[in-house]
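Q: I have a model here that I would like to understand term by term. Please set each value against its rule as we go.

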Amino acid sequence: MKIAFFDSGMGGLSVLHHAMRVLPQEEFLFYADEDHVPYGTKSREAVQQYVAEAFDFMISKGVKAIVVACNTATSVAVPVMRERYDLPIIGMEPAAKKALDLDGGHRVLVCATPITVSGRKMELLIERVDKDHLVDRLALPALVPFAERQEFDSPDVRAYLAEQFAPYDFRQYSALVLGCTHFNYFKPAMRAFMPDSMHFVDGNDGTVRELIRQLEARNLREANEQTVEYYYSGRRVADEAELARIGRFMQQLDRVYGL
């Protein structure tokens, strides 16, 4: 049985990419809702509808677990999906606590989509972990369409980041939290604005560790030849040009892995 990874677009490939490295004997299904990307600027009601449709499709494929590799979808829809379906459903949340634990004395900047940055789930997370009021939040909505176009480090990307980062003195910060899976593609472009002492933090490793924990708790680990099926909003990706596009995303993730 396959493990499904779901995202509004191609950002969730960064979580799948990590899972493929640490789970070499599992079969995977990746669902990108390319018909409705980006989620982060849409209404909560619209996102809930898109996620419900995606879940219905993935469940119909007989998957054994679903990783919602999208911070926006996690904050808006995962609790409802857990009530509806009896299988492991693993969500994402910005790794603010992990970032604070790196240092504890410097500030942390959480970058995400507008709906994640302003959502109640984010508010509760910050209240829980940020006792010294060290966390700042920044919405970077334009990075999602940049990523979908595979424009990872262009002059336009650099200009956008320069404008958005201008209010922040990064000498006061220990970490930049990538609170959207699409943002992993931009590590080289972001690094140009960050001092060497500042770290990237994302939730990919913790999410995959939680996936493994839940698979083992239900005795769902398998030893198969690793495979991946890709779907765009329920349509199987078989076109060579589209598979090559996915391959370029994975190559970028190879380049940024571990940065």
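A: Happy to! Let us begin with the names: helices (H or I, at least four residues) and strands (E, at least two) are DSSP runs, numbered from the N terminus. This is a predicted model, in which local features need pLDDT of at least 70, side-chain atom pairs count only at pLDDT 80 or more, and totals for chains, interfaces and linings use all residues. Residues are numbered from 1 along each chain as its sequence is written, and side-chain values use heavy atoms, with hydrogens and water left out.

Q: What makes something a pocket rather than a cavity?

A: On a 1 Å grid over the protein atoms alone, a cavity is a set of points where a 1.4 Å probe fits but cannot get out, whereas a pocket is an open set with protein on both sides within 12 Å along at least five of seven lines. A volume is the space filled by probe spheres set on the points, which are joined across faces, edges and corners. By that rule, the largest pocket holds about 340 Å³ of space.

Q: How do you know which residues line the largest pocket, and which lie nearest its centre?

A: A lining residue has an atom within 4 Å of a point. The largest pocket has 19 of them, with E93, A95, G203, G206 and T207 nearest its centre. Two or more lining residues come from each of α4 (96-102), α6 (120-129) and α10 (204-217). The largest share is that of α10, with 5 residues.

Q: What is the character of that lining, by class?

A: Ala, Val, Leu, Ile, Met, Phe, Trp, Tyr, Cys and Pro count as nonpolar, Asp, Glu, Lys and Arg as charged, and the others, Gly among them, as polar. In the largest pocket this gives 7 nonpolar, 4 polar and 8 charged residues.

Q: What volume does the second largest pocket have, and which residues are closest to its centre?

A: The second largest pocket has a volume of about 280 Å³. It is lined by 16 residues, and N184, K187, D202, N204 and G258 are the closest to its centre. At least two lining residues each are supplied by α1 (13-22), β8 (199-201), α10 and α11 (240-256), and the largest share, 3 residues, is from α1. Its lining divides into 6 nonpolar, 6 polar and 4 charged residues.

Q: Why is Q251 called buried, exposed or partly exposed?

A: Buried means under 20% relative accessible area, exposed over 50%, and partly exposed in between (1.4 Å probe, protein chains only). Q251 has 44%, so it falls in between and is partly exposed. This residue lies in helix α11. Its C-alpha atom is 9.9 Å from that of H17, 234 residues away along the chain.

Q: What makes strand β1 mostly covered?

A: In β1 (residues 2-7), 5 of the 6 residues are buried.

Q: How do you know that β1 pairs with other strands, and in which sense?

A: Two strands pair if DSSP finds at least two bridges between them. β1 and β2 (residues 27-32) have 6 bridges in the parallel sense, with F5 opposite F30. β1 and β3 (residues 65-68) have 4 bridges, also parallel, and A4 has I66 as its bridge partner. Both counts therefore meet the rule.

Q: Why is the crossover of β1, α1 and β2 called right- or left-handed?

A: A crossover is right-handed if, with the strands pointing away from the viewer, the path from the first strand over the helix to the second runs clockwise. The β-α-β unit of β1, α1 and β2 is right-handed, so its path runs clockwise in that view.

Q: What makes β6 and β8 edge strands?

A: An open sheet of 4 strands runs in the order β6-β5-β7-β8 with parallel pairing. β6 (135-139) and β8 each pair on one side only, as edge strands. In that sheet, β7 (residues 173-178) and β8 share 3 bridges, and V177 stands opposite V201.

Q: What is unusual about the backbone at P38, H133 and N219?

A: Most residues other than glycine have a negative phi, and most peptide bonds are trans. V37 and P38 are joined by a cis peptide bond, with omega about 0°, and P38 sits in the loop between β2 and α2 (44-60). H133 has a positive phi of about 60° and, at 61% relative accessible area, is exposed. N219 has a positive phi near 55° and counts as exposed at 71%.
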